[in-house]
Amino acid sequence: MLNRFRQFWTKVITPIATLLLKLGVSADMVTLVGTIGVSAGALIFFPRGQLWIGVVVITCFVFSDLIDGYMARTSGTSSKWGSFLDSTLDRIADGAIYGGLVLYYANSRAGDSTLMAAVTLWALVMGAVTSYARAKAESLGLKASGGLAERADRLVFTLILAFFSDLLNLPILLELVIWYVAAASTITVVQRSLSVRKQVLADPANAGLDTPPAEPKTD
């Protein structure tokens with residue numbers, strides 16, 4: 001759904017990425033700085049109730065996810081380590097964003113809602129489980145992608161509505177998207193689990209843990 005969005009911004013960040021490469025900046029460094037910026041924006045501003053400022057700061061750094069990938073591909077430095085680092089730091093950034101919102105709702109001078117703090121925490125947990133379910137399935141030679149709420153969708157919806165919720169003084173907007181993310185992430189985990197179970201049942205000969213995953217087809 002966000003492919004066109006990604007393609008458009010890739011064109012925008014191309015000159016920036018090219019300049020960074022000329023200056024000798026590595027893709028890994030961009031990944032690290034981006035994660036620090038996103039985490040700082042979320043954990044400093046969200047708990048204070050300054051949602052729109054936090055979203056602006058996060059947005060300034062979130063494009064590092066596009067920049068580092070472009071830099072790695074262009075410079076020919078794409079590697080398993082880079083992929084691992086990127087995915088790991090993405091989880092940290094996700095945790096910071098939703099963790100910041102949990103603290104926002106836990107703050108009696110900001111969101112002040114125990115219920116929404118709990119729902120946001122649930123959205124955080126299920127978002128992490130969604131990613132883990134895919135990673136675990138792929139480590140077993142199975143597929144568990146797709147679903148109702150993938151990572152990019154969850155983050156974009158949450159950040160956009162958090163921004164307008166604060167700017168327009170309509171807290172209901174953020175509450176609605178948090179409820180949606182929590183429910184959609186839960187459904188996605190169930191969908192991926194059922195998909196993995198279906199694949200295993202369809203190939204009982206390779207259902208044991210001691211059975212190596214099938215070799216990928218090359219034709």
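**Close-up views of a predicted helical model**

**View 1. Helix α5 meets helix α6.** From α5, the residues Arg 91, Asp 94, Gly 95, Tyr 98, Gly 99, Leu 101, Val 102, Tyr 105 and Ala 106 touch Met 116, Ala 117, Thr 120, Leu 121, Leu 124 and Ser 131 of α6. Sorted by class, this contact between α5 and α6 holds nine nonpolar, four polar and two charged residues. Helix α6 spans residues 114-139, and its axis comes within 8 Å of the α5 axis. The two axes cross at roughly 170 degrees. Because angles over 145 degrees count as roughly antiparallel, α5 is roughly antiparallel to α6. As in every view here, the model is predicted.

**View 2. The whole chain, for orientation.** The protein chain has eight helices and zero strands. Its pattern along the sequence is α-α-α-α-α-α-α-α. Along the principal axes, the C-alpha atoms fill a box of roughly 60 × 50 × 25 Å. The chain has 219 residues, and buried residues make up 37% of them. Take the contacts between residues at least 6 apart in sequence: 75% of these join residues at least 24 apart.

**View 3. Three annotated aspartates.** Which residues does the UniProt annotation "binding site" cover? The unreviewed entry lists Asp 65, Asp 86 and Asp 90 under this name. They are spread over 26 residues of sequence, yet they cluster in space. The largest C-alpha distance among them is 8.5 Å.

**View 4. Asp 86 and its contacts.** Asp 86 sits in helix α5, which runs over residues 80-106. Set aside the neighbours within four places in sequence. Asp 86 is then in contact with Thr 31, Asp 65 and Asp 68. One of these partners, Asp 65, is also covered by the "binding site" annotation in the UniProt entry.

**View 5. Asp 90, annotated twice.** Asp 90 is also found in helix α5. The unreviewed UniProt entry places Asp 90 under "binding site" and under "active site" as well. Is Asp 90 buried or exposed? Its relative accessible area is 14%. The cut-off for buried is under 20%, so Asp 90 counts as buried. Beyond its neighbours within four places in sequence, Asp 90 is in contact with Asp 65 and Arg 151.

**View 6. Helix α5 meets helix α7.** Helix α7 covers residues 151-167. Its axis comes within 12 Å of the α5 axis, and the two cross at roughly 35 degrees. This crossing of α5 and α7 is left-handed. On the α5 side, Asp 90, Arg 91, Asp 94, Ile 97, Tyr 98 and Leu 101 take part. They meet Arg 151, Arg 154, Leu 155, Thr 158 and Leu 159 of α7. By class, the contact of α5 with α7 has five nonpolar, one polar and five charged residues. Arg 91, Asp 94, Tyr 98 and Leu 101 of α5 appear here and also in the contact with α6.

**View 7. Ser 185 in helix α8.** Ser 185 lies in helix α8, residues 171-202. How accessible is this serine, and what surrounds it? The relative accessibility of Ser 185 is 0%, so Ser 185 counts as buried. Leaving out neighbours within four places in sequence, Ser 185 is in contact with Met 126, Gly 127, Thr 130, Ala 149 and Arg 154. Among them, Arg 154 belongs to α7 and takes part in the contact with α5.

How values were computed:
Residues are numbered from 1 along each chain as its sequence is written. This is a predicted model: local features need pLDDT of at least 70, side-chain atom pairs count only at pLDDT 80 or more; totals for chains, interfaces and linings use all residues. Side-chain values use heavy atoms; hydrogens and water are left out. UniProt positions are given in the numbering used here, feature names are shortened, and annotations may be inferred rather than shown by experiment. Helices (H or I, at least four residues) and strands (E, at least two) are DSSP runs, numbered from the N terminus. Contact means heavy atoms within 4.5 Å. Buried means under 20% relative accessible area, exposed over 50%, partly exposed in between (1.4 Å probe, protein chains only). Axes are lines fitted to C-alpha atoms, for helices over the stretch in contact, and angles run from 0 to 180 degrees between N-to-C directions. Angles under 35 degrees count as roughly parallel, over 145 as roughly antiparallel, 65 to 115 as roughly perpendicular and the rest as oblique. Ala, Val, Leu, Ile, Met, Phe, Trp, Tyr, Cys and Pro count as nonpolar, Asp, Glu, Lys and Arg as charged, and the others, Gly among them, as polar. A crossing is left-handed if the near helix is turned anticlockwise from the far one by less than a right angle, and right-handed if clockwise.
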